Amino acid sequence: MKISICLPYMEPDFGRDELLAWCRRVDDGPFYSLSCGERITGYTLEMRNVLAFAAAVTERVRIVPSLYVLPMHSAVWAAKEIATLDLLSGGRVTVTVGVGGREMDYQAVEASFARRHQRMDEQIAQMRRIWQGEPPFAGADPVGPRPLQHGGPPILAGSMGQKPMARAAQWADGIYGFAMNGDKALTAHFKQTAEQCWQQAGRSERPYFAGGFWFSLADDAENRLQDYVFNYLRTFGDEHARNTARSMTRHNADAVLEAIQDMRELQLDELFLVPATADISELERLEALLQSAGLA
């Protein structure tokens, strides 16, 4: 199982120097991918700029938008952005796409929240045509650049339900199923559902499956993890956010290692760990933990 890291792009104290330190530490460490998510409202760094920066200052790790809220965007524009990132990274991009759940973000960029699942299905097909060199409409020039990876980067669907996974089985290379607290049973359910959907779609290969969870190994980790989760989820209601935040347990070395070992037992292809703070100690202590467990 490959272990990967999401950058703390929501943290106000995460500037140029901190981003550079994180990217270089991840690239030098035992990690497979470096990712960044997309949000519009609230304090967050913009995903494309962050990942272009990361592509420029790293050499080894894969660069992963996780996830591109595709229905908020033009498919042609997204295809151009992703192909450019693949070029700048030397062909290291894996792109995760999804519909998101924040209607306010759609409203902020004047995008429709309706029919977003169907629109994303159509957008993926259009992006792949663009990457193959087809013009966006009759009489137009093709949209460059072409991705370095033949046919375009691998595409994972950020999905957790039966219906979205069934749709994704028609076009995705795999699934990113995020279990907030690293719950083994929930992750197993996501993985089994993905495999069933692939079989029902007549796919001969199994889906690439990535999981993920929130954690903190920084000082005062329990409080900071709960604060992070509350702030992340409060757009869905304070009570829900507070109850979920209080249920988070991956805030010490034993708990984090337990979750990682659980994911290994489930034979995930990749695990994304999402830190609750921008403290570089998150990476330092995680690396030490992986080394002590023989996982680095």
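This report walks through the pockets, one helix and the salt bridges of a predicted model.

## The largest pocket

Let's start with the pockets. The largest one comes in at about 1,000 Å³. Its lining is made up of 40 residues, and those nearest the centre are Leu67, Gly100, Gly101, Met160 and Tyr232. Quite a few elements give two or more residues to this lining: strand 3 (62-69), helix 4 (103-108), helix 5 (116-131), helix 6 (162-168), strand 6 (174-178), helix 7 (184-200) and helix 8 (221-233). Helix 5 provides the largest share, with four residues.

As for chemistry, the lining of the largest pocket splits into 23 nonpolar, ten polar and seven charged residues.

## The second largest pocket

Next in line is a pocket with a volume of about 250 Å³. Here 17 residues form the lining, and Met10, Glu11, Pro12, Tyr228 and Asn231 sit nearest the centre. The lining of this second largest pocket divides into six nonpolar, five polar and six charged residues.

## Helix 9 and its two sides

Helix 9 spans residues 238-246, and its buried residues are Ala241, Thr244 and Ala245. Looking down the axis of helix 9, you find these buried residues within an arc of 100°, so they line one face of the helix.

Flip to the other side of helix 9 and you meet Glu239 and Arg246, both exposed. And what covers the buried residues of helix 9? Helix 8 is part of that cover. Helix 8 (221-233) has already turned up above, as one of the elements giving two or more residues to the lining of the largest pocket.

## Salt bridges across the sequence

Now for the charged pairs. Side chains of opposite charge can pair when their charged atoms come close. How many salt bridges does the structure hold? The count is 16.

One of them joins the side chains of Glu284 and Arg25, at 3.8 Å from N to O. Glu284 belongs to helix 11 (residues 281-292) and Arg25 to helix 1 (residues 16-28), so this pair ties together parts that are 259 residues apart in sequence. Glu284 is partly exposed, with a relative accessible area of 35%. Arg25 is partly exposed too, at 31%.

## Salt bridges between sequence neighbours, and a network

Helix 7 holds a salt bridge of its own. Lys191 pairs with Glu195, and their closest N and O atoms are 2.9 Å apart. Both residues lie in helix 7, four residues apart, which is about one turn of the helix. Is Lys191 buried or partly exposed? With a relative accessibility of 13%, Lys191 counts as buried, because the cut-off is under 20%. Its partner Glu195 has a relative accessibility of 27% and counts as partly exposed. Helix 7 (184-200) is also among the elements giving two or more residues to the lining of the largest pocket.

Arg203 and Glu205 make another salt bridge, with 2.7 Å between the closest N and O atoms. Arg203 is partly exposed, with a relative accessible area of 22%, and Glu205 also counts as partly exposed, at 38%.

Finally, some of these contacts join up. Glu38, Glu46, Arg48 and Glu81 are linked in a network of salt bridges.

Definitions and conventions: Residues are numbered from 1 along each chain as its sequence is written. This is a predicted model: local features need pLDDT of at least 70, side-chain atom pairs count only at pLDDT 80 or more; totals for chains, interfaces and linings use all residues. Side-chain values use heavy atoms; hydrogens and water are left out. On a 1 Å grid over the protein atoms alone, a cavity is a set of points where a 1.4 Å probe fits but cannot get out, and a pocket is an open set with protein on both sides within 12 Å along at least five of seven lines; lining residues have an atom within 4 Å of a point. Grid points are joined across faces, edges and corners, and a volume is the space filled by probe spheres set on the points. Ala, Val, Leu, Ile, Met, Phe, Trp, Tyr, Cys and Pro count as nonpolar, Asp, Glu, Lys and Arg as charged, and the others, Gly among them, as polar. Buried means under 20% relative accessible area, exposed over 50%, partly exposed in between (1.4 Å probe, protein chains only). The arc is that of the directions from the helix axis to the C-beta atoms. Contact means heavy atoms within 4.5 Å. A salt bridge is a side-chain nitrogen of Lys or Arg within 4 Å of a carboxyl oxygen of Asp or Glu.
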